[in-house]
Amino acid sequence: MGQKVHPYGFRLGVNKPWRSRWFSERDYDKLLVEDVKLKAELRDKLKAAGVSSVEIERPGNKLRFIIRTARPGIVIGRKGAEIEKLKTELGKRTNRDVFIDIVEVNKPELDAQLVSENIALQLEKRVSFRRAMRKSVDSALRFGCKGIKVRVSGRLNGNEIARSEWYLQGRLPLHTLRADIDYGFSEAETTYGQIGVKVWIYRGDIYEQKRRREQPNVGTSGVF
């Protein structure tokens, strides 16, 4: 009853890559905890930059961060001052050579995490939850998504009893593995308590183009 599968985890290795890419036999637990803490801290530090996701790679003794953001100028800073400051800070803390790659999110309206954060921000500013949901749904559809679902849960409009409300427009094939479904979650800290915001965005199907290798002709000797 009520068992849900994470849309991103369900598609790992099919059409979604891992968010942390490294291998370790000995210190797996320590590196995993370090990854989680670093990602949370970076998200908190770069809250104004609209960070969609933080990916980590560990080639050798190096540490590479791939930050996907809607506002790369805030992360980089004037003449790259902010990014250099961030590099030295992370380098001192982890004792590794730190590299930071910034990837710009061209359409923030089609990024589920950014959409959920935007709705949460509006709820904190006391905008009506129905208006915030409808606005996000309309803008996502305008930018070409095939389906979107937004769900908010908590003390909506300050009511005593917490409830959930959702809005679905278009298609959302959650069981289809080839479907490119982006999922985002954020929490709005209101005066009445926390309101959770979940967003699913369906951006179409991903088909693998597999080229069949041409089989060599069978010769007279019968060897392939």
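Start your tour by selecting Glu 189: apart from residues up to four places away in sequence, Glu 189 touches Glu 124 and Gln 194, where contact means heavy atoms within 4.5 Å. You will find Glu 189 in strand 7 (residues 179–190). Helices (H or I, at least four residues) and strands (E, at least two) are DSSP runs, numbered from the N terminus. With a relative accessibility of 49%, Glu 189 counts as partly exposed; buried means under 20% relative accessible area, exposed over 50%, and partly exposed in between (1.4 Å probe, protein chains only). Now add Lys 125 to the selection: its C-alpha atom is 10.0 Å from that of Glu 189, although the two are 64 residues apart along the chain.

**Before you go on: confidence**

This is a predicted model, in which local features need pLDDT of at least 70 and side-chain atom pairs count only at pLDDT 80 or more, while totals for chains, interfaces and linings use all residues. Residues are numbered from 1 along each chain as its sequence is written, and side-chain values use heavy atoms, with hydrogens and water left out.

Colour the model by pLDDT, the predictor's confidence in each residue, from 0 to 100. The mean for the protein is 88, and 92% of its residues reach 70 or more. Confidence is highest in strand 5 (residues 147–154), at a mean of 95, and lowest in helix 3 (residues 72–76), at 88. Then select residues 210–224, where pLDDT stays under 50 and the model has 2 contacts beyond four places in sequence. Where pLDDT is low, the predicted coordinates should not be read in detail.

**Helix 2**

Next, select residues 28–45. Helix 2 has 18 residues and reaches 26 Å from its first C-alpha to its last, close to the 26 Å expected at 1.5 Å a residue; the expected span is 1.5 Å times one less than the number of residues. Show the side chains of Leu 31, Asp 35, Leu 38, Lys 39 and Leu 42, which are buried. They lie on the same side of helix 2, because they cover an arc of only 100° around the axis; the arc is that of the directions from the helix axis to the C-beta atoms. An α-helix has 3.6 residues a turn, so residues three or four places apart point the same way. Turn to the other side of helix 2 and you meet the exposed residues Lys 30, Val 36 and Asp 44. To see what the buried residues pack against, display strand 1, strand 2 (51–57), strand 3 (62–69) and helix 4 (81–94).

**Helix 6**

Move on to residues 129–142. Helix 6, with 14 residues, should span 20 Å at 1.5 Å a residue, and its end C-alpha atoms are indeed 20 Å apart. Its buried residues are Phe 129, Ala 132, Met 133, Ser 136, Val 137, Ser 139 and Ala 140. These cover an arc of only 170° around the axis, which puts them on the same side of helix 6. Their cover includes helix 5 (112–124), strand 5 and strand 6 (163–170). On the face turned away from the buried side, look for the exposed residues Arg 131, Lys 135 and Arg 142.

Stay with Ala 140 for a moment: its relative accessible area is 0%, so Ala 140 is buried. Leaving out residues up to four places away in sequence, Ala 140 touches Glu 109, Leu 110, Cys 145 and Ile 148. Measure across to Asp 97 and you get 39 Å between C-alpha atoms, for residues 43 apart along the chain. Just after helix 6, stop at Gly 144, which takes a positive phi of about 105°.

**Two residues with a positive phi**

Most residues other than glycine have a negative phi, and most peptide bonds are trans. Select Lys 79, which is not a glycine yet has a positive phi of about 55°. Lys 79 sits in the loop between helix 3 and helix 4, and at 86% relative accessibility it counts as exposed. Then select Asn 157, whose phi is also positive, near 55°. Asn 157 is in the loop between strand 5 and strand 6 and, at 52% relative accessibility, counts as exposed.

**Last stop: Lys 16**

Finish at Lys 16, in the loop between helix 1 (7–10) and strand 1 (20–21). Lys 16 is buried, because its relative accessible area is 8%. Beyond its neighbours within four places in sequence, Lys 16 is in contact with Tyr 8, Arg 11, Asp 180, Ile 181, Asp 182 and Arg 203.
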